[in-house]
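Student: I am new to this structure and would like a close look at one part of it, taken slowly. Please choose a part, describe it carefully, and then connect it with some of its surroundings.

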Amino acid sequence: MRILVIEDNESVASMIEMFFEKEKIQGEFVKDGLVGYERAKTEQWDCLIIDWMLPGMDGVSICRKLRQAAIEVPIIMLTAKDSESDQVLGLEMGADDYVTKPFSPLALLARIRAVTRRYVANKDVQQDENVLATDHFTVNMNTREVLLDGNPVPNLTPKEFDLLQFFIQHPKQVFSREQLLDRVWGYDFYGDDRTVDVHIKRLRSKVSTDEQPFFHTVWGVGYRFDESVVK
(Lines give C-alpha, C1' and ligand atoms only; values in the text may rest on other atoms or scores of the structure.)
Protein backbone atom coordinates (compact mmCIF):
# COMPACT_ATOMS: atom_id res chain seq x y z
CA MET A 1 0.00 0.00 0.00
CA ARG A 2 1.39 3.40 -1.04
CA ILE A 3 0.03 6.38 0.89
CA LEU A 4 0.77 10.08 0.54
CA VAL A 5 0.59 12.02 3.81
CA ILE A 6 0.36 15.80 3.50
CA GLU A 7 1.01 17.03 7.04
CA ASP A 8 3.18 19.91 8.26
CA ASN A 9 3.12 18.97 11.95
CA GLU A 10 6.38 17.09 12.46
CA SER A 11 5.26 15.19 15.56
CA VAL A 12 2.09 13.94 13.88
CA ALA A 13 3.96 13.01 10.70
CA SER A 14 6.64 11.18 12.71
CA MET A 15 4.02 9.21 14.62
CA ILE A 16 2.31 8.15 11.38
CA GLU A 17 5.66 7.32 9.76
CA MET A 18 6.71 5.04 12.64
CA PHE A 19 3.36 3.29 12.58
CA PHE A 20 3.53 2.83 8.80
CA GLU A 21 6.97 1.25 9.12
CA LYS A 22 5.62 -1.18 11.70
CA GLU A 23 2.67 -2.07 9.44
CA LYS A 24 4.93 -2.23 6.33
CA ILE A 25 3.02 0.56 4.59
CA GLN A 26 4.95 2.68 2.12
CA GLY A 27 4.38 6.25 3.23
CA GLU A 28 5.51 9.41 1.48
CA PHE A 29 5.42 12.59 3.55
CA VAL A 30 5.03 16.17 2.31
CA LYS A 31 4.81 19.32 4.45
CA ASP A 32 3.63 21.84 1.86
CA GLY A 33 0.07 21.74 0.55
CA LEU A 34 0.86 22.89 -2.99
CA VAL A 35 3.69 20.36 -3.35
CA GLY A 36 1.41 17.67 -1.94
CA TYR A 37 -1.36 18.57 -4.37
CA GLU A 38 0.98 18.24 -7.36
CA ARG A 39 2.21 14.85 -6.18
CA ALA A 40 -1.32 13.67 -5.44
CA LYS A 41 -2.42 14.71 -8.92
CA THR A 42 0.48 13.27 -10.90
CA GLU A 43 1.36 10.03 -9.06
CA GLN A 44 -0.53 6.84 -8.25
CA TRP A 45 -1.57 6.39 -4.62
CA ASP A 46 -3.68 3.91 -2.70
CA CYS A 47 -4.80 6.58 -0.24
CA LEU A 48 -4.23 10.25 0.62
CA ILE A 49 -4.08 11.55 4.19
CA ILE A 50 -4.39 15.32 4.18
CA ASP A 51 -4.19 17.76 7.07
CA TRP A 52 -6.76 20.56 7.10
CA MET A 53 -4.37 23.45 7.79
CA LEU A 54 -1.30 23.51 5.54
CA PRO A 55 1.12 26.06 4.09
CA GLY A 56 0.89 26.63 0.35
CA MET A 57 -2.62 25.19 -0.07
CA ASP A 58 -5.05 24.10 2.63
CA GLY A 59 -6.33 20.53 2.79
CA VAL A 60 -9.92 21.34 1.82
CA SER A 61 -8.71 23.09 -1.35
CA ILE A 62 -6.48 20.13 -2.19
CA CYS A 63 -9.43 17.77 -1.83
CA ARG A 64 -11.75 19.97 -3.90
CA LYS A 65 -9.24 20.42 -6.74
CA LEU A 66 -8.46 16.70 -6.89
CA ARG A 67 -12.16 15.84 -7.17
CA GLN A 68 -12.66 18.52 -9.82
CA ALA A 69 -9.83 16.86 -11.76
CA ALA A 70 -11.68 13.50 -11.42
CA ILE A 71 -8.88 12.00 -9.32
CA GLU A 72 -10.41 8.84 -7.83
CA VAL A 73 -8.39 8.00 -4.75
CA PRO A 74 -9.52 7.55 -1.13
CA ILE A 75 -9.00 10.73 0.90
CA ILE A 76 -8.92 10.97 4.69
CA MET A 77 -8.80 14.43 6.25
CA LEU A 78 -6.86 15.05 9.46
CA THR A 79 -8.32 17.93 11.40
CA ALA A 80 -8.22 19.56 14.80
CA LYS A 81 -11.59 21.09 13.91
CA ASP A 82 -14.37 19.05 15.49
CA SER A 83 -17.42 21.19 14.74
CA GLU A 84 -20.10 19.67 12.54
CA SER A 85 -19.90 22.52 10.02
CA ASP A 86 -16.17 21.92 9.50
CA GLN A 87 -16.70 18.20 9.04
CA VAL A 88 -19.52 18.82 6.59
CA LEU A 89 -17.28 21.11 4.56
CA GLY A 90 -14.57 18.47 4.25
CA LEU A 91 -17.08 15.81 3.19
CA GLU A 92 -18.70 18.15 0.67
CA MET A 93 -15.33 18.78 -0.94
CA GLY A 94 -14.96 15.07 -1.61
CA ALA A 95 -13.20 13.59 1.40
CA ASP A 96 -14.20 10.00 2.13
CA ASP A 97 -13.64 10.26 5.86
CA TYR A 98 -12.06 12.42 8.52
CA VAL A 99 -10.05 11.78 11.69
CA THR A 100 -10.07 14.35 14.47
CA LYS A 101 -6.81 15.10 16.27
CA PRO A 102 -5.59 13.74 18.59
CA PHE A 103 -6.11 10.25 17.21
CA SER A 104 -4.92 6.71 17.71
CA PRO A 105 -2.77 5.21 14.91
CA LEU A 106 -4.92 2.09 15.10
CA ALA A 107 -8.05 4.15 14.49
CA LEU A 108 -6.39 5.80 11.50
CA LEU A 109 -5.37 2.40 10.13
CA ALA A 110 -8.97 1.18 10.46
CA ARG A 111 -10.19 4.14 8.41
CA ILE A 112 -7.47 3.60 5.79
CA ARG A 113 -8.40 -0.05 5.38
CA ALA A 114 -12.09 0.77 5.18
CA VAL A 115 -11.84 3.43 2.47
CA THR A 116 -9.31 1.48 0.39
CA ARG A 117 -11.41 -1.70 0.56
CA ARG A 118 -14.37 0.21 -0.80
CA TYR A 119 -12.45 1.63 -3.73
CA VAL A 120 -10.92 -1.74 -4.62
CA ALA A 121 -14.34 -3.38 -4.52
CA ASN A 122 -15.75 -0.79 -6.90
CA LYS A 123 -12.86 -1.21 -9.33
CA ASP A 124 -13.27 -4.99 -9.34
CA VAL A 125 -16.88 -4.89 -10.54
CA GLN A 126 -17.17 -6.71 -13.85
CA GLN A 127 -18.27 -4.72 -16.90
CA ASP A 128 -21.42 -6.79 -17.45
CA GLU A 129 -22.47 -6.16 -13.85
CA ASN A 130 -21.59 -2.51 -13.56
CA VAL A 131 -24.97 -0.88 -14.19
CA LEU A 132 -27.79 -0.61 -11.67
CA ALA A 133 -31.13 0.50 -13.10
CA THR A 134 -34.31 1.46 -11.25
CA ASP A 135 -37.43 3.36 -12.23
CA HIS A 136 -35.61 6.66 -11.78
CA PHE A 137 -31.89 5.96 -11.43
CA THR A 138 -29.16 4.53 -13.63
CA VAL A 139 -25.91 3.95 -11.74
CA ASN A 140 -22.70 2.94 -13.49
CA MET A 141 -20.47 1.45 -10.82
CA ASN A 142 -17.37 1.46 -13.02
CA THR A 143 -17.51 5.07 -14.20
CA ARG A 144 -19.30 6.15 -10.99
CA GLU A 145 -21.84 8.13 -13.00
CA VAL A 146 -25.47 8.56 -11.95
CA LEU A 147 -28.48 9.46 -14.09
CA LEU A 148 -31.75 10.58 -12.55
CA ASP A 149 -34.64 10.26 -14.99
CA GLY A 150 -32.05 10.30 -17.77
CA ASN A 151 -30.26 13.43 -16.56
CA PRO A 152 -26.74 13.36 -15.05
CA VAL A 153 -26.47 13.99 -11.31
CA PRO A 154 -23.41 16.25 -10.96
CA ASN A 155 -21.04 16.79 -8.07
CA LEU A 156 -21.64 13.62 -6.08
CA THR A 157 -18.77 13.04 -3.69
CA PRO A 158 -17.29 9.50 -3.62
CA LYS A 159 -19.02 8.64 -0.36
CA GLU A 160 -22.35 10.08 -1.52
CA PHE A 161 -22.08 7.81 -4.56
CA ASP A 162 -21.27 4.81 -2.35
CA LEU A 163 -24.24 5.52 -0.12
CA LEU A 164 -26.64 5.98 -3.04
CA GLN A 165 -25.39 2.77 -4.65
CA PHE A 166 -25.88 0.85 -1.41
CA PHE A 167 -29.44 2.09 -0.96
CA ILE A 168 -30.34 1.31 -4.57
CA GLN A 169 -29.04 -2.21 -4.08
CA HIS A 170 -31.24 -2.56 -0.97
CA PRO A 171 -34.55 -0.84 -1.80
CA LYS A 172 -37.20 -0.40 0.90
CA GLN A 173 -34.92 -1.87 3.58
CA VAL A 174 -34.49 0.14 6.76
CA PHE A 175 -30.91 0.65 7.97
CA SER A 176 -29.76 2.20 11.21
CA ARG A 177 -26.92 4.70 11.23
CA GLU A 178 -24.70 2.06 12.83
CA GLN A 179 -25.47 -0.41 10.01
CA LEU A 180 -24.77 2.19 7.35
CA LEU A 181 -21.43 3.06 8.94
CA ASP A 182 -20.53 -0.61 8.94
CA ARG A 183 -21.81 -1.46 5.43
CA VAL A 184 -20.89 1.71 3.53
CA TRP A 185 -17.99 3.21 5.49
CA GLY A 186 -16.67 -0.19 6.46
CA TYR A 187 -15.69 0.35 10.09
CA ASP A 188 -17.26 -0.34 13.44
CA PHE A 189 -19.53 2.25 14.98
CA TYR A 190 -17.75 4.27 17.65
CA GLY A 191 -20.53 6.62 18.70
CA ASP A 192 -20.47 9.47 16.16
CA ASP A 193 -23.29 8.91 13.69
CA ARG A 194 -23.45 12.48 12.38
CA THR A 195 -21.52 11.47 9.28
CA VAL A 196 -24.50 9.44 8.07
CA ASP A 197 -26.95 12.29 8.68
CA VAL A 198 -24.72 14.72 6.80
CA HIS A 199 -24.49 12.46 3.75
CA ILE A 200 -28.22 11.73 3.70
CA LYS A 201 -28.91 15.46 3.86
CA ARG A 202 -26.52 16.14 0.99
CA LEU A 203 -27.98 13.35 -1.14
CA ARG A 204 -31.48 14.66 -0.58
CA SER A 205 -30.40 18.12 -1.71
CA LYS A 206 -28.97 16.68 -4.93
CA VAL A 207 -31.55 14.08 -6.02
CA SER A 208 -34.78 14.52 -4.04
CA THR A 209 -37.82 16.73 -4.54
CA ASP A 210 -40.72 17.54 -2.24
CA GLU A 211 -42.88 15.15 -4.24
CA GLN A 212 -40.30 12.36 -4.48
CA PRO A 213 -37.92 12.33 -1.51
CA PHE A 214 -36.39 8.85 -2.21
CA PHE A 215 -34.64 8.82 1.19
CA HIS A 216 -37.11 8.35 4.03
CA THR A 217 -36.44 8.82 7.73
CA VAL A 218 -37.80 6.02 9.89
CA TRP A 219 -37.97 7.75 13.25
CA GLY A 220 -36.13 5.98 16.01
CA VAL A 221 -34.57 3.50 13.58
CA GLY A 222 -32.75 5.01 10.61
CA TYR A 223 -33.30 5.45 6.87
CA ARG A 224 -34.70 3.62 3.88
CA PHE A 225 -34.63 4.19 0.11
CA ASP A 226 -38.00 3.88 -1.60
CA GLU A 227 -38.88 5.15 -5.07
CA SER A 228 -42.50 4.02 -4.81
CA VAL A 229 -43.45 6.51 -2.10
CA VAL A 230 -44.62 9.78 -3.64
CA LYS A 231 -45.93 12.61 -1.46
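Tutor: A helix here is a DSSP run of type H or I with at least four residues, a strand is a run of type E with at least two, and both are numbered from the N terminus. The model is a predicted one. The part to look at closely is the sheet, and the helices come after it.

The sheet is open and has 4 strands, which follow one another in the order β6-β7-β8-β9 with antiparallel pairing. Its edges are formed by β6 and by β9, which covers residues 151-152, and each of these edge strands pairs on one side only. In general terms, the strands of a sheet pair through backbone hydrogen bonds, and they can do this in a parallel or an antiparallel way.

Starting from the β6 edge, we find that β6 (residues 131-133) and β7 (residues 137-140) are antiparallel partners over 3 bridges, and that the hairpin joining β6 to β7 passes through 3 residues. Within this pair, valine 131 has asparagine 140 of β7 as its bridge partner. Moving one strand further, β7 is joined by 4 bridges to β8 (residues 145-148), and these two strands also run antiparallel. Asparagine 140 appears again in this pairing, since it stands opposite glutamate 145 in β8. The hairpin of β7 and β8 has 4 residues between the strands, and in it arginine 144 takes a positive phi near 60°. At the other edge, 2 bridges hold β8 and β9 together in the antiparallel sense, with leucine 148 placed opposite asparagine 151 in β9.

A helix also belongs to this picture: α6 (residues 158-169) packs on the sheet, where it touches β6, β7 and β8, and its direction makes about 120° with that of β7.

Let us now turn to the other helices, beginning with α1. Helix α1 (residues 10-23) has 14 residues and spans 20 Å from its first C-alpha to its last, close to the 20 Å expected at 1.5 Å a residue. Its buried residues include Val12, Ala13, Ile16, Phe19 and Phe20. Seen down the axis of α1, the buried residues fall within an arc of 130°, so they line one face of the helix. On the other side of α1, Glu10, Ser11, Met18, Glu21 and Lys22 are exposed. Just after α1 comes lysine 24, with a positive phi of about 60°.

Helix α3 (residues 59-68) is mostly covered, with 7 of its 10 residues buried; among them are Val60, Ile62 and Leu66. At its start, a side-chain oxygen of aspartate 58 reaches to within 3.1 Å of the backbone nitrogen of valine 60. The residue that follows α3 is alanine 70, whose phi is positive, near 60°.

Finally, threonine 116 is a residue of helix α5 (residues 105-123). Because its relative accessibility is 9%, threonine 116 counts as buried, the cut-off for that word being under 20%. The side chain of threonine 116 reaches the backbone oxygen of isoleucine 112 at 2.8 Å. Leaving aside residues up to four places away in sequence, threonine 116 touches Met1, Asp46, Cys47 and Pro74.

Key
Residues are numbered from 1 along each chain as its sequence is written. This is a predicted model: local features need pLDDT of at least 70, side-chain atom pairs count only at pLDDT 80 or more; totals for chains, interfaces and linings use all residues. Side-chain values use heavy atoms; hydrogens and water are left out. Buried means under 20% relative accessible area, exposed over 50%, partly exposed in between (1.4 Å probe, protein chains only). A polar contact is a pair of N or O atoms within 3.5 Å; within protein, one must be able to donate a hydrogen and the other to accept it, and residues adjacent in sequence count only if both atoms are side-chain atoms. Two strands pair if DSSP finds at least two bridges between them. The expected span of a helix is 1.5 Å times one less than its number of residues. The arc is that of the directions from the helix axis to the C-beta atoms. Contact means heavy atoms within 4.5 Å. Axes are lines fitted to C-alpha atoms, for helices over the stretch in contact, and angles run from 0 to 180 degrees between N-to-C directions.
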